[in-house]
Amino acid sequence: MALPEASTIWLDGALVPWQEARVHVLTHGLHYGTGVLEGTRVFATEDGPAVFRLPEHLRRLDRSARMIRMELPYDIADLTKATVDLVRANGHRECYLRHFAFLGYGTMGIDMRSSPVEVSIASWEWHGQLPPADGGITLKTSSWRRNDPNAVPPAAKATGPYLNSVLARREANDAGYDEALLLGADGTVSECTGENVFAVRDGVLRTPPSSAGALEGITQDTVCTLARDLGVPVRVESLLRSDLYAADELFVCGTAAGIVPVRALDDRALPAAPGPVTTRLREAYRAAVTGADPRYRHWLTPVA
Ligand code: PMP
(Lines give C-alpha, C1' and ligand atoms only; values in the text may rest on other atoms or scores of the structure.)
Protein backbone atom coordinates (compact mmCIF):
# COMPACT_ATOMS: atom_id res chain seq x y z
CA MET A 1 0.00 0.00 0.00
CA ALA A 2 1.44 3.39 -1.00
CA LEU A 3 2.27 5.89 1.72
CA PRO A 4 -0.15 8.80 1.90
CA GLU A 5 2.42 11.50 1.13
CA ALA A 6 2.44 14.75 3.08
CA SER A 7 3.86 17.92 1.61
CA THR A 8 7.13 18.23 3.53
CA ILE A 9 9.77 16.28 5.46
CA TRP A 10 12.18 17.78 8.00
CA LEU A 11 15.70 16.87 6.91
CA ASP A 12 18.86 18.06 8.65
CA GLY A 13 17.36 21.29 9.88
CA ALA A 14 15.10 22.32 6.98
CA LEU A 15 11.64 21.48 5.68
CA VAL A 16 12.04 20.01 2.19
CA PRO A 17 9.41 18.82 -0.31
CA TRP A 18 8.47 15.15 0.30
CA GLN A 19 9.93 13.92 -3.00
CA GLU A 20 13.25 15.69 -2.40
CA ALA A 21 14.10 13.96 0.90
CA ARG A 22 16.58 11.53 -0.72
CA VAL A 23 19.88 9.86 0.18
CA HIS A 24 22.86 8.48 -1.77
CA VAL A 25 23.06 4.71 -2.50
CA LEU A 26 26.32 4.57 -0.55
CA THR A 27 24.65 5.78 2.64
CA HIS A 28 26.33 3.90 5.50
CA GLY A 29 23.04 3.17 7.24
CA LEU A 30 21.63 1.44 4.16
CA HIS A 31 24.51 -1.02 4.04
CA TYR A 32 25.15 -1.68 7.72
CA GLY A 33 21.90 -0.84 9.51
CA THR A 34 23.48 2.07 11.38
CA GLY A 35 20.37 4.04 12.16
CA VAL A 36 17.96 4.65 15.03
CA LEU A 37 14.29 5.45 14.76
CA GLU A 38 11.11 6.31 16.58
CA GLY A 39 7.46 5.86 15.66
CA THR A 40 5.23 8.39 17.40
CA ARG A 41 1.57 9.34 16.99
CA VAL A 42 -0.29 12.62 16.83
CA PHE A 43 -3.93 12.46 17.93
CA ALA A 44 -6.79 14.91 17.49
CA THR A 45 -7.80 16.47 20.82
CA GLU A 46 -10.34 19.18 21.56
CA ASP A 47 -7.43 21.65 21.63
CA GLY A 48 -6.15 20.54 18.23
CA PRO A 49 -3.51 17.96 17.30
CA ALA A 50 -1.18 16.76 20.07
CA VAL A 51 1.86 14.48 20.05
CA PHE A 52 1.54 11.59 22.50
CA ARG A 53 4.53 11.21 24.86
CA LEU A 54 6.96 13.07 22.59
CA PRO A 55 9.66 13.63 25.27
CA GLU A 56 9.72 9.89 26.03
CA HIS A 57 10.10 9.05 22.33
CA LEU A 58 12.88 11.59 21.82
CA ARG A 59 14.71 10.44 24.93
CA ARG A 60 14.54 6.85 23.69
CA LEU A 61 15.89 8.00 20.30
CA ASP A 62 18.81 9.61 22.08
CA ARG A 63 19.41 6.48 24.23
CA SER A 64 19.26 4.26 21.13
CA ALA A 65 21.79 6.50 19.38
CA ARG A 66 24.18 6.40 22.33
CA MET A 67 23.89 2.61 22.55
CA ILE A 68 25.11 2.27 18.96
CA ARG A 69 27.78 4.98 19.39
CA MET A 70 26.07 7.60 17.26
CA GLU A 71 25.99 11.19 18.46
CA LEU A 72 22.85 13.12 17.53
CA PRO A 73 23.65 16.60 16.19
CA TYR A 74 20.37 17.96 17.67
CA ASP A 75 19.19 18.00 21.25
CA ILE A 76 15.72 17.12 22.53
CA ALA A 77 14.58 20.77 22.47
CA ASP A 78 15.65 21.13 18.81
CA LEU A 79 13.86 17.92 17.84
CA THR A 80 10.72 18.90 19.75
CA LYS A 81 10.54 22.19 17.88
CA ALA A 82 11.25 20.47 14.56
CA THR A 83 8.47 17.95 15.22
CA VAL A 84 5.90 20.60 16.04
CA ASP A 85 6.95 22.71 13.02
CA LEU A 86 6.58 19.71 10.73
CA VAL A 87 3.13 18.65 11.95
CA ARG A 88 1.95 22.26 11.60
CA ALA A 89 3.48 22.63 8.13
CA ASN A 90 1.80 19.45 6.94
CA GLY A 91 -1.54 20.49 8.46
CA HIS A 92 -2.30 17.10 10.03
CA ARG A 93 -5.15 16.51 12.47
CA GLU A 94 -3.79 13.04 13.25
CA CYS A 95 -0.68 11.39 11.89
CA TYR A 96 2.19 9.00 12.42
CA LEU A 97 5.69 10.45 12.89
CA ARG A 98 8.94 8.75 11.96
CA HIS A 99 12.06 10.23 13.55
CA PHE A 100 15.17 8.76 11.98
CA ALA A 101 18.90 9.35 12.56
CA PHE A 102 21.38 7.46 10.43
CA LEU A 103 24.95 7.41 9.24
CA GLY A 104 25.01 9.07 5.85
CA TYR A 105 27.27 9.20 2.83
CA GLY A 106 30.94 9.67 3.62
CA THR A 107 33.09 6.56 3.62
CA MET A 108 32.30 2.90 3.00
CA GLY A 109 33.24 0.20 5.45
CA ILE A 110 32.47 -1.14 8.88
CA ASP A 111 34.38 1.63 10.65
CA MET A 112 31.62 4.09 11.51
CA ARG A 113 33.76 6.90 12.82
CA SER A 114 33.95 9.17 9.78
CA SER A 115 30.38 8.95 8.49
CA PRO A 116 28.15 11.98 9.08
CA VAL A 117 24.98 11.65 11.17
CA GLU A 118 21.85 12.73 9.31
CA VAL A 119 18.45 13.26 10.89
CA SER A 120 14.98 13.29 9.36
CA ILE A 121 11.41 13.54 10.59
CA ALA A 122 8.54 12.47 8.35
CA SER A 123 4.81 12.56 9.04
CA TRP A 124 1.85 11.01 7.29
CA GLU A 125 -1.79 10.12 7.82
CA TRP A 126 -1.80 6.53 8.97
CA HIS A 127 -4.00 4.29 11.00
CA GLY A 128 -1.98 1.39 12.31
CA GLN A 129 -0.13 -1.65 11.04
CA LEU A 130 -2.12 -4.62 12.22
CA PRO A 131 -5.54 -5.73 10.95
CA PRO A 132 -8.54 -4.13 12.71
CA ALA A 133 -8.62 -4.92 16.41
CA ASP A 134 -12.25 -6.05 16.57
CA GLY A 135 -12.31 -9.78 17.11
CA GLY A 136 -8.56 -9.90 17.72
CA ILE A 137 -5.49 -11.05 15.82
CA THR A 138 -3.77 -14.41 15.55
CA LEU A 139 -0.18 -14.99 16.73
CA LYS A 140 2.31 -17.71 15.96
CA THR A 141 5.45 -18.37 17.99
CA SER A 142 8.30 -17.70 15.60
CA SER A 143 11.10 -20.06 14.68
CA TRP A 144 13.32 -16.95 14.92
CA ARG A 145 14.59 -15.87 18.33
CA ARG A 146 14.62 -12.19 19.33
CA ASN A 147 18.10 -10.65 18.94
CA ASP A 148 20.47 -11.84 21.64
CA PRO A 149 21.34 -8.84 23.86
CA ASN A 150 25.02 -9.79 23.54
CA ALA A 151 24.84 -9.78 19.74
CA VAL A 152 22.94 -6.52 19.14
CA PRO A 153 21.17 -4.63 21.92
CA PRO A 154 17.38 -5.10 21.54
CA ALA A 155 16.91 -2.10 23.84
CA ALA A 156 18.24 0.15 21.06
CA LYS A 157 15.51 0.88 18.54
CA ALA A 158 18.01 0.59 15.71
CA THR A 159 17.41 -0.19 12.04
CA GLY A 160 19.77 -3.17 11.58
CA PRO A 161 18.13 -5.30 14.27
CA TYR A 162 14.74 -4.89 12.55
CA LEU A 163 15.71 -7.58 10.08
CA ASN A 164 14.86 -9.93 12.95
CA SER A 165 11.32 -8.49 13.08
CA VAL A 166 10.96 -8.52 9.29
CA LEU A 167 11.90 -12.22 9.06
CA ALA A 168 9.58 -13.19 11.89
CA ARG A 169 6.65 -11.19 10.49
CA ARG A 170 7.10 -12.68 7.03
CA GLU A 171 7.21 -16.21 8.40
CA ALA A 172 4.02 -15.67 10.44
CA ASN A 173 2.16 -13.97 7.59
CA ASP A 174 3.17 -16.69 5.09
CA ALA A 175 1.77 -19.29 7.49
CA GLY A 176 -1.54 -17.40 7.66
CA TYR A 177 -1.13 -15.65 11.03
CA ASP A 178 -1.36 -11.91 11.63
CA GLU A 179 1.73 -11.49 13.80
CA ALA A 180 4.72 -13.38 15.25
CA LEU A 181 5.51 -13.89 18.91
CA LEU A 182 9.27 -14.06 19.51
CA LEU A 183 11.03 -15.81 22.34
CA GLY A 184 14.21 -14.23 23.69
CA ALA A 185 17.66 -15.76 23.69
CA ASP A 186 16.86 -17.33 27.10
CA GLY A 187 13.73 -19.01 25.72
CA THR A 188 11.25 -16.88 27.64
CA VAL A 189 8.61 -14.74 25.94
CA SER A 190 10.05 -11.53 24.52
CA GLU A 191 7.69 -9.52 22.30
CA CYS A 192 6.13 -9.32 18.84
CA THR A 193 7.74 -7.81 15.75
CA GLY A 194 6.59 -4.27 16.56
CA GLU A 195 4.58 -4.60 19.77
CA ASN A 196 5.01 -5.63 23.38
CA VAL A 197 2.83 -8.43 24.71
CA PHE A 198 0.63 -8.64 27.81
CA ALA A 199 -1.17 -11.59 29.42
CA VAL A 200 -4.06 -11.32 31.86
CA ARG A 201 -4.82 -14.14 34.26
CA ASP A 202 -7.03 -14.02 37.36
CA GLY A 203 -7.21 -10.25 37.02
CA VAL A 204 -3.41 -9.73 37.05
CA LEU A 205 -1.60 -8.16 34.11
CA ARG A 206 1.87 -9.49 33.20
CA THR A 207 4.40 -8.40 30.58
CA PRO A 208 8.02 -9.47 29.93
CA PRO A 209 10.93 -7.23 31.03
CA SER A 210 13.62 -5.79 28.76
CA SER A 211 15.98 -8.56 29.93
CA ALA A 212 13.90 -10.91 27.74
CA GLY A 213 15.03 -8.86 24.72
CA ALA A 214 11.88 -6.73 24.56
CA LEU A 215 11.98 -3.06 23.67
CA GLU A 216 11.05 -0.78 26.56
CA GLY A 217 7.79 0.13 24.87
CA ILE A 218 6.24 3.50 25.55
CA THR A 219 2.77 2.02 25.03
CA GLN A 220 3.78 -0.81 27.38
CA ASP A 221 4.64 1.81 30.00
CA THR A 222 1.40 3.67 29.28
CA VAL A 223 -0.62 0.45 29.71
CA CYS A 224 1.13 -0.30 33.03
CA THR A 225 0.28 3.18 34.32
CA LEU A 226 -3.34 3.02 33.14
CA ALA A 227 -3.77 -0.45 34.65
CA ARG A 228 -2.41 0.60 38.04
CA ASP A 229 -4.70 3.64 38.00
CA LEU A 230 -7.63 1.28 37.27
CA GLY A 231 -6.61 -0.87 40.24
CA VAL A 232 -5.40 -3.76 38.06
CA PRO A 233 -2.21 -5.32 39.50
CA VAL A 234 0.73 -5.27 37.06
CA ARG A 235 3.80 -7.49 37.10
CA VAL A 236 6.79 -7.02 34.78
CA GLU A 237 8.34 -10.46 34.87
CA SER A 238 9.63 -13.37 32.77
CA LEU A 239 6.88 -15.35 31.08
CA LEU A 240 6.91 -18.82 29.59
CA ARG A 241 5.03 -19.78 26.45
CA SER A 242 2.72 -21.76 28.69
CA ASP A 243 1.91 -18.62 30.70
CA LEU A 244 0.44 -17.21 27.50
CA TYR A 245 -1.38 -20.45 26.63
CA ALA A 246 -2.97 -20.38 30.10
CA ALA A 247 -3.99 -16.71 29.94
CA ASP A 248 -7.58 -15.48 30.19
CA GLU A 249 -6.75 -12.60 27.83
CA LEU A 250 -3.80 -11.64 25.67
CA PHE A 251 -3.11 -8.40 23.89
CA VAL A 252 -0.25 -6.69 22.09
CA CYS A 253 0.45 -2.98 22.15
CA GLY A 254 2.60 -0.42 20.41
CA THR A 255 2.40 3.09 19.07
CA ALA A 256 1.34 2.02 15.58
CA ALA A 257 -0.98 -0.79 16.64
CA GLY A 258 -2.53 0.72 19.77
CA ILE A 259 -3.90 -2.01 22.06
CA VAL A 260 -4.91 -5.05 20.02
CA PRO A 261 -6.55 -8.16 21.49
CA VAL A 262 -5.19 -11.59 20.53
CA ARG A 263 -7.77 -14.14 19.41
CA ALA A 264 -5.47 -17.16 19.23
CA LEU A 265 -1.83 -18.04 19.87
CA ASP A 266 -0.39 -21.10 18.12
CA ASP A 267 -3.96 -22.15 17.21
CA ARG A 268 -5.07 -22.08 20.85
CA ALA A 269 -8.10 -19.82 21.07
CA LEU A 270 -8.17 -17.38 23.98
CA PRO A 271 -11.34 -17.48 26.12
CA ALA A 272 -12.16 -13.86 25.16
CA ALA A 273 -10.91 -11.32 22.59
CA PRO A 274 -11.17 -8.62 23.68
CA GLY A 275 -11.56 -9.71 27.29
CA PRO A 276 -12.89 -7.39 30.01
CA VAL A 277 -9.49 -6.09 31.19
CA THR A 278 -8.34 -5.46 27.60
CA THR A 279 -11.57 -3.58 26.91
CA ARG A 280 -11.13 -1.34 29.96
CA LEU A 281 -7.52 -0.62 29.00
CA ARG A 282 -8.46 0.19 25.41
CA GLU A 283 -11.03 2.71 26.66
CA ALA A 284 -8.57 4.25 29.11
CA TYR A 285 -5.91 4.45 26.38
CA ARG A 286 -8.29 6.17 23.96
CA ALA A 287 -9.21 8.71 26.67
CA ALA A 288 -5.51 9.34 27.43
CA VAL A 289 -4.30 9.85 23.86
CA THR A 290 -7.18 12.15 22.92
CA GLY A 291 -6.88 14.30 26.05
CA ALA A 292 -10.38 13.27 27.22
CA ASP A 293 -8.96 12.13 30.57
CA PRO A 294 -7.38 15.18 32.26
CA ARG A 295 -5.13 12.98 34.44
CA TYR A 296 -2.94 12.20 31.44
CA ARG A 297 -2.79 15.59 29.67
CA HIS A 298 0.87 15.92 30.69
CA TRP A 299 1.53 13.18 28.09
CA LEU A 300 0.40 15.48 25.27
CA THR A 301 2.52 18.05 23.42
CA PRO A 302 0.10 20.43 21.69
CA VAL A 303 0.84 21.37 18.11
CA ALA A 304 -1.72 24.14 17.54
N1 PMP B 1 8.72 -3.78 20.27
C2 PMP B 1 9.22 -3.49 19.05
C3 PMP B 1 10.20 -4.43 18.46
C4 PMP B 1 8.81 -2.34 18.39
O5 PMP B 1 9.32 -2.05 17.17
C6 PMP B 1 7.86 -1.48 18.98
C7 PMP B 1 7.41 -0.25 18.26
N8 PMP B 1 8.24 0.84 18.54
C9 PMP B 1 7.36 -1.83 20.24
C10 PMP B 1 7.81 -2.98 20.86
C11 PMP B 1 6.37 -0.95 20.94
O12 PMP B 1 6.99 0.23 21.37
P13 PMP B 1 6.19 1.58 21.53
O14 PMP B 1 5.03 1.30 22.38
O15 PMP B 1 7.16 2.50 22.17
O16 PMP B 1 5.77 2.01 20.17
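Aspartate 62 and arginine 66 sit four residues apart in helix H2, so about one helical turn separates them. In this predicted model, their side chains meet in a salt bridge, with 3.3 Å from N to O. Side chains of opposite charge can pair when their charged atoms come close. The two partners differ in cover: aspartate 62 is partly exposed at 24% relative accessibility, while arginine 66 is exposed at 54%.

Now zoom out to the helix itself. H2 spans residues 54–67 and lies across strands E3 (35–45), E4 (48–52), E5 and E16. Its direction runs at about 175° to E3.

Those strands belong to an open sheet of seven, and if you trace it from one side to the other you get the order E2-E1-E6-E5-E3-E4-E16, with antiparallel pairing. At the edges stand E2 (14–17) and E16 (300–302); each has a single partner strand, so one side of each is left without a neighbour in the sheet. Going from one strand to the next, the twist averages 30°.

Strand E6 is a good place to look at the pairing in detail. Strands of a sheet pair through backbone hydrogen bonds, either parallel or antiparallel. E6 (residues 117–124) pairs with E5 (residues 95–103) in the antiparallel sense, over eight bridges. If you want to check the register, alanine 101 has valine 119 of E6 as its bridge partner, and leucine 97 has serine 123. E6 also pairs with E1 (residues 8–11), again in the antiparallel sense, over two bridges. There, leucine 11 stands opposite serine 120 of E6. As for cover, seven of the eight residues in E6 are buried.

The loop between E5 and E6 is where you'll find isoleucine 110. Isoleucine 110 counts as exposed, with 69% relative accessibility. It helps make a nonpolar surface patch of about 610 Å², together with Val25, Leu26, Tyr32, Tyr105 and Met108.

Further along the chain comes strand E7 (residues 137–145), which holds threonine 138. Its relative accessible area is 12%, so threonine 138 is buried, the cut-off being under 20%. What does threonine 138 touch, leaving out residues up to four places away in sequence? Its contacts are Gly176, Tyr177, Asp178, Glu179, Arg263 and Ala264.

Back to charges: a search of the whole structure turns up 15 salt bridges. One of them joins arginine 169 to glutamate 195, with the closest N and O atoms 4.0 Å apart. Arginine 169 lies in helix H4 (residues 162–174), and glutamate 195 in the loop between strands E9 (189–192) and E10 (196–201), so the pair ties together parts that are 26 residues apart in sequence. Are these two residues buried or exposed? Both arginine 169 and glutamate 195 are buried.

Another salt bridge brings together the side chains of glutamate 237 and arginine 235, at 3.2 Å from N to O. Here both residues are partly exposed: glutamate 237 has a relative accessible area of 23%, and arginine 235 has 40%. This pair belongs to a network of salt bridges that also links Arg206 and Asp243.

Definitions and conventions. Residues are numbered from 1 along each chain as its sequence is written. This is a predicted model: local features need pLDDT of at least 70, side-chain atom pairs count only at pLDDT 80 or more; totals for chains, interfaces and linings use all residues. Side-chain values use heavy atoms; hydrogens and water are left out. Two strands pair if DSSP finds at least two bridges between them. Axes are lines fitted to C-alpha atoms, for helices over the stretch in contact, and angles run from 0 to 180 degrees between N-to-C directions. Contact means heavy atoms within 4.5 Å. Buried means under 20% relative accessible area, exposed over 50%, partly exposed in between (1.4 Å probe, protein chains only). Patches are made of residues with over 30% relative accessible area and no salt bridge: like charges are joined within 9 Å, nonpolar side chains (Val, Leu, Ile, Met, Phe, Trp, Tyr) within 5 Å. Accessible areas come from the Shrake-Rupley method with a 1.4 Å probe; for residues, only the protein chains shown count as cover.
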